Structures are given as structure tokens and as C-alpha cells.
Amino acid sequence: MRIAVTGATGRLGRQVVPLLAGAEVVQLSRSNADYGDQQALRRAMRGADKLVFISSDGEAAKVLLHHQNVIAAAKDAKIGHVILLSGVDADVESPFCYAHTNGVTEALLRESGLDFSIARAALFAEFFLSLVGQTNARLPMGDGRITLIPRAEVAKALAALALSPPTGTHHDLTGPETLTLKDLHGTDVTPAEFIAELARSDEEPWWIYAYASMFESIRQQRWAKVAKVTPA
Ligand SMILES: NC(=O)c1ccc[n+]([C@@H]2O[C@H](COP(=O)([O-])OP(=O)(O)OC[C@H]3O[C@@H](n4cnc5c(N)ncnc54)[C@H](OP(=O)(O)O)[C@@H]3O)[C@@H](O)[C@H]2O)c1
């Protein structure tokens with residue numbers, strides 16, 4: 001069994017690789033399979049039975065292009081099972097930029113004819129808590145509720161899905177309980193204040209937009225789901 005993993009050198013991917021017991025793992029990253037390079041992706045996936053598809057990052061238009069390339073290469077390589085990392089908020093109607101890219105990617109995968117399983121992860125605990133630190137917990141969360149999941153738990157669930165037959169559906173990977181701004185010892189600020197404070201701290205425009213759109217989706221309670229079954 002040969003399993004290709006995108007983003008294999010990243011903080012999540014490098015925790016997935018050692019969990020793929022018994023499989024020959026092909027680690028994909030910029031050096032051998034740039035998301036922007038169709039040919040390289042095809043070459044790297046040749047002969048793989050399964051693909052753990054950890055989503056790309058950065059500006060949304062580029063992410064969508066990257067995801068189209070990965071799915072086209074997976075089709076070309078006749079991958080038997082694609083395990084996609086998506087998000088709990090995967091909805092093209094959401095204000096969150098990555099809910100849009102995840103919604104489109106899920107649709108592309110479903111329409112591709114490839115067999116698949118989709119892992120919809122909650123907010124990564126390490127990512128979100130780092131943002132809490134960066135902003136001194138001044139967050140435009142209103143009464144939004146979230147759950148947090150450590151990357152290690154997401155890695156376990158992705159590996160478990162990869163070592164099982166395709167489920168043809170999505171699986172929510174969430175934390176055990178919802179958290180409010182109060183639980184995070186945070187202070188509510190308006191979206192405008194949040195944006196202004198990030199801009200003053202020299203955060204890049206793309207990330208200011210991405211974070212602001214994420215908090216809009218949090219206020220809409222799009223991250224409040226708690227999965228009934230703990231992943232993996
Ligand atoms: N649910 C959440 O809260 C949340 C939060 C943040 C991110 N995410 C998603 O989770 C994914 C994984 O997160 P992470 O923390 O593991 O990310 P990470 O540590 O930044 O790792 C990124 C991975 O992608 C690879 N990569 C970067 N640019 C590439 C390119 N142009 N072509 C091919 N590979 C490329 C990197 O490889 P190199 O070794 O070549 O750099 C690395 O393996 C993110 O990409 C994002 O889609 C989710």
C-alpha cells in the first residue's frame with residue numbers, strides 16, 4: 001500500500017506520516033510536488049493507492065488553483081481513495097474565505113468520480129491560541145462559540161481514515177466542548193477595532209482579511225458544532 005501525503009513536512013502532515021503504519025509513504029511538499037506544478041504533482045502521485053490531501057494555505061484564489069491541481073493529478077494517477085482535510089465551516093455561503101475554498105474543494109472532489117473521505121476539522125488549538133496571544137485576546141467574537149482541536153488529534157483521524165475504506169462522506173473533528181470569549185479570558189472588540197489593531201501590528205493584509213472573515217463566521221455560530229463521536 002502506497003500513501004501519498006500533501007503538506008507532509010508541515011506541522012500537521014509530519015504528525016500524520018508516522019501513523020500510516022505498514023504503508024509506504026510518499027511525502028509531498030514544495031521540493032517535489034509544488035501545488036502550482038501539475039506535472040510535478042502527477043509525477044509524485046504516480047503509483048500511489050491513496051492520497052491524504054492536506055489543504056493548501058495562503059490567498060484563497062491560489063488555494064483554489066492548488067486544490068484543482070491536486071484533484072486533477074489524483075484523477076490522472078487513478079488514486080483509489082482521497083482523504084481530504086476540510087473545515088467544520090465548509091460552505092460557499094459563509095463569510096469565511098477558507099469556508100469558501102473548502103466548500104468548493106469538497107464539491108470538486110465529490111464531482112471528480114474519485115472515492116473519498118472528508119475530515120472537517122474544527123479550529124486547530126495551536127493556531128487559535130496563538131492568535132489569542134497575538135491579539136492580547138481582543139477578538140471580535142461577540143457571543144460566538146467555537147471548539148478547538150489539537151493538530152495531533154486531526155492527524156490521528158486523518159491516518160485512521162487513510163487506513164480504512166473510503167466512506168464517501170464527511171466527518172466532523174471537533175473539540176469536546178464549545179468555548180466562548182469569556183472562556184478564553186478575552187475582550188470583545190468590534191470588527192473595525194480588530195482590523196485596525198492588526199494593521200497597527202503590521203500583520204499582512206491577507207491575514208487581516210482572513211482572520212476578520214473567520215470571526216464573522218464564528219459570530220454566525222458556524223464553529224459551534226460538537227461532534228458526537230470523538231475522532232479516531
Ligand atoms: N482548522 C484550522 O484551524 C486551520 C488553521 C490553519 C491552517 N489550516 C489548514 O491546515 C493545513 C495544514 O496546516 P499546517 O499547520 O500543517 O501548515 P504548515 O505547518 O504551514 O505546513 C504547510 C505544508 O504545506 C507545504 N507547502 C507549502 N506551500 C506549498 C506549495 N506551494 N506546494 C506544495 N506544498 C506546499 C509545506 O511544505 P514545505 O516543506 O515545502 O514548506 C508544508 O508541508 C493548512 O495548509 C491549512 O489549509 C487549518
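User: What makes α2 oblique to α3?

Analyst: In this predicted model, helix α2 (residues 38-45) packs on helix α3 (residues 60-76) at an angle of about 45 degrees, with the axes 9 Å apart. Angles under 35 degrees count as roughly parallel and 65 to 115 as roughly perpendicular. An angle of about 45 degrees falls in neither of those ranges, so α2 is called oblique to α3.

User: Which residues make that contact, on α2 and on α3?

Analyst: On the α2 side you'll find Gln-38, Leu-41, Arg-42 and Met-45, and on the α3 side Asn-69, Val-70, Ala-72, Ala-73, Ala-74 and Asp-76. Sorted by class, that gives six nonpolar, two polar and two charged residues. As for handedness, α2 and α3 cross in a right-handed way.

User: And α3 with α4: why is this pair called roughly parallel?

Analyst: The axes of α3 and helix α4 (residues 97-111) come within 10 Å and cross at roughly 20 degrees. The cut-off for roughly parallel is under 35 degrees, so α3 counts as roughly parallel to α4. This crossing is right-handed.

User: Which residues of α3 and α4 meet there?

Analyst: From α3 come Ala-60, Val-63, Leu-64, His-67, Gln-68 and Ile-71, and from α4 come Cys-97, Tyr-98, His-100, Thr-101, Val-104, Thr-105, Leu-108 and Leu-109. Nine of the residues in this contact are nonpolar, five are polar and none is charged.

User: Let's stay with Tyr-98 for a moment. How do you know whether Tyr-98 is buried or exposed?

Analyst: Count the other C-beta atoms within 10 Å: Tyr-98, a residue of helix α4, has 21. The threshold for buried is 20 or more, so Tyr-98 is buried. Leaving out residues up to four places away in sequence, Tyr-98 touches Ala-60 and Gly-87. Gly-58 is 40 residues away in sequence, yet its C-alpha lies 9.5 Å from that of Tyr-98.

User: What makes α7 roughly antiparallel to α8?

Analyst: Helix α7 (residues 191-200) has its axis within 10 Å of the axis of α8, and the two cross at roughly 155 degrees. Anything over 145 degrees counts as roughly antiparallel, so the label fits α7 and α8. Their crossing is right-handed. The residues in contact are Pro-191, Phe-194, Ile-195, Leu-198 and Ala-199 of α7, and Ile-208, Tyr-211, Ala-212, Phe-215 and Glu-216 of α8. By class there are nine nonpolar residues, no polar ones and one charged.

User: What about Val-226: why is it called partly exposed?

Analyst: Val-226 has 14 C-beta neighbours inside 10 Å. Exposed takes 12 or fewer and buried takes 20 or more, so 14 puts Val-226 in between, as partly exposed. Val-226 is in the segment after α8 (205-219). Setting aside neighbours within four places in sequence, Val-226 is in contact with Thr-147, Thr-174, Pro-176, Glu-177 and Thr-178. With Thr-178, the separation is 48 residues in sequence and 7.1 Å between C-alpha atoms.

User: Why does Ala-152 count as partly exposed?

Analyst: The reasoning is similar. Ala-152 sits in helix α6 (residues 151-162), and its count is 15 C-beta neighbours inside 10 Å. That number is over 12 and under 20, so Ala-152 is partly exposed. Ala-152 and Leu-12 are 7.2 Å apart from C-alpha to C-alpha, with their positions 140 residues apart in sequence.

User: Leu-12 makes me curious about the ligand. Which residues come nearest to the ligand?

Analyst: There are 24 residues around the ligand, and Gly-10, Leu-12, Arg-30, Ser-55 and Asp-57 come nearest. Strands β4 (81-87) and β6 (123-124) each supply at least two residues of the shell. By class, the shell has 10 nonpolar, 10 polar and four charged residues.

User: How do you know that His-185 and Asn-136 are exposed?

Analyst: For His-185 the count is 8 C-beta neighbours inside 10 Å, and the limit for exposed is 12 or fewer, so His-185 is exposed. Asn-136 has 10 other C-beta atoms within 10 Å, so Asn-136 is exposed too. His-185 is in the loop between β9 (170-173) and β10 (187-188), while Asn-136 is in the loop between α5 (125-134) and β7 (138-139).

User: What is phi for each of them?

Analyst: Phi of Asn-136 is near 50 degrees, a positive value in a residue other than glycine. His-185, not a glycine either, has a positive phi of about 55 degrees.

Terms used. Residues numbered from 1 in each chain as written. Predicted model: local features only at pLDDT ≥ 70, side-chain atom pairs only at ≥ 80, totals over all residues. Near = placed C-beta within 6 Å. Helix = DSSP H or I, 4+ residues; strand = E, 2+ residues; numbered from the N terminus. Nonpolar A, V, L, I, M, F, W, Y, C, P; charged D, E, K, R; others polar. Contact = placed C-beta atoms within 7 Å. Axes fitted to C-alpha atoms, helices over the stretch in contact; angles between N-to-C directions. Left-handed = near helix turned anticlockwise from the far one by under 90°.
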